[in-house]
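Student: Hi, could you walk me through this model? I'll throw short questions at you as they come up.

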Amino acid sequence: MDLLDALSRSGDLPLAQTQLHVVVAATHCFDQTVMTTIIEKNINPLARLEHSAALVATTVTGKGLADIVTGEHRARLAATAPSLFALRQG
């Protein structure tokens, strides 16, 4: 917000027909390598990544996961992470 404040000269310069884009980045760390996670631990690392992305999406949009996810993705996520659908936003 400091950058926006500086660009608009503390609100003195109007910003007509502008858009503000926010990028959210996340990293994931696993205790073992990806191959060890998949083969030895029998854990799907993509399911964990989807779980994290779903949490970020519900937080950023302020909506429940059922409102964001559609179609076959809803059924798949409900099977792998049912607790996400129990969360209510608001």
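Student: What pattern does the protein follow, read along the sequence?
Tutor: The pattern is α-α-α-α-α-α. There are 6 helices and 0 strands (DSSP runs numbered from the N terminus: H or I of at least four residues for helices, E of at least two for strands). This is a predicted model, where local features need pLDDT of at least 70, side-chain atom pairs count only at pLDDT 80 or more, and totals for chains, interfaces and linings use all residues. Residues are numbered from 1 along each chain as its sequence is written, and side-chain values use heavy atoms, with hydrogens and water left out.

Student: Thanks! What does the C-alpha trace span along its principal axes?
Tutor: About 60 × 30 × 20 Å.

Student: And how much of the protein counts as buried?
Tutor: Of the 90 residues, 14% are buried (under 20% relative accessible area, 1.4 Å probe, protein chains only).

Student: Switching topic: how many positive and negative side chains are there?
Tutor: The protein has 7 positive ones (Lys and Arg) and 8 negative ones (Asp and Glu), with His and the chain ends not counted. The centres of the two sets lie 8 Å apart, placing each charge at NZ of Lys, CZ of Arg, CG of Asp or CD of Glu.

Student: What about confidence, so what is the mean pLDDT?
Tutor: The mean pLDDT (the predictor's confidence in each residue, from 0 to 100) is 82, and 94% of residues reach 70 or more.

Student: Which elements have the lowest and highest mean pLDDT?
Tutor: Helix 1 (residues 2–7) has the lowest, at 77, and helix 2 (residues 34–39) the highest, at 89.

Methods:
Buried < 20%, exposed > 50% of the residue type's maximum accessible area, 1.4 Å probe, protein only.
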